[in-house]
Amino acid sequence: LSRGLRAAGDERPTYSAQELEDNFQLMGVMFALNHGVVTTPLAVATSLLSGDVANLGNGTLYAVTLISSLLLGAPLVGQWGPKGGLLFGM
């Protein structure tokens, strides 16, 4: 984020390389936890439930995820910004 590329009057905060790396690491850990929480029920469903029920549940999950990302993604990011949209999506 070079200061030379900013427009006059742009008062956004600047972050050090360490702050950016710390934020990246935190985001990686949070994403991994989220992914684990989402995929664990898929593994349990396919192991414990009958094939038809597990497939229906997994298909429903993926269909709802697809539709919500297509219809809600852009409006949410437009309304709340990238960070807010990401947090809502998690």
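Helices here are DSSP runs of H or I with at least four residues, numbered from the N terminus. With that in hand, let's look at the pockets of this predicted model.

**The largest pocket**

The largest pocket holds about 560 Å³ of space. Its lining is made up of 20 residues, and those closest to the centre are N34, T65, S68, G89 and M90. Two elements, helix 1 (17-48) and helix 2 (51-89), give two or more residues to this lining. Which of them gives the most to the lining of the largest pocket? That is helix 2, with 13 residues. As for chemical class, you will find 11 nonpolar and nine polar residues in the lining, but no charged ones.

**The second largest pocket**

The volume of the second largest pocket is about 280 Å³. Y15, N23, L26, M27, M30, K83, L86 and L87 form the lining. Helix 1 and helix 2 turn up again, each supplying at least two residues of the lining of this second largest pocket. Here helix 1 gives the most, with four residues. Six residues of this lining are nonpolar, one is polar and one is charged.

**Side by side**

| Pocket | Volume | Element giving the most to the lining | Lining by class |
|---|---|---|---|
| Largest pocket | about 560 Å³ | helix 2, 13 residues | 11 nonpolar, nine polar, no charged residues |
| Second largest pocket | about 280 Å³ | helix 1, four residues | six nonpolar, one polar, one charged residue |

Notes
Residues numbered from 1 in each chain as written. Predicted model: local features only at pLDDT ≥ 70, side-chain atom pairs only at ≥ 80, totals over all residues. Heavy atoms only, no water. 1 Å grid on protein atoms, 1.4 Å probe; cavity = no way out; pocket = protein on both sides within 12 Å on 5 of 7 lines; lining within 4 Å. Points joined across faces, edges and corners; volume = space filled by probe spheres on them. Nonpolar A, V, L, I, M, F, W, Y, C, P; charged D, E, K, R; others polar.
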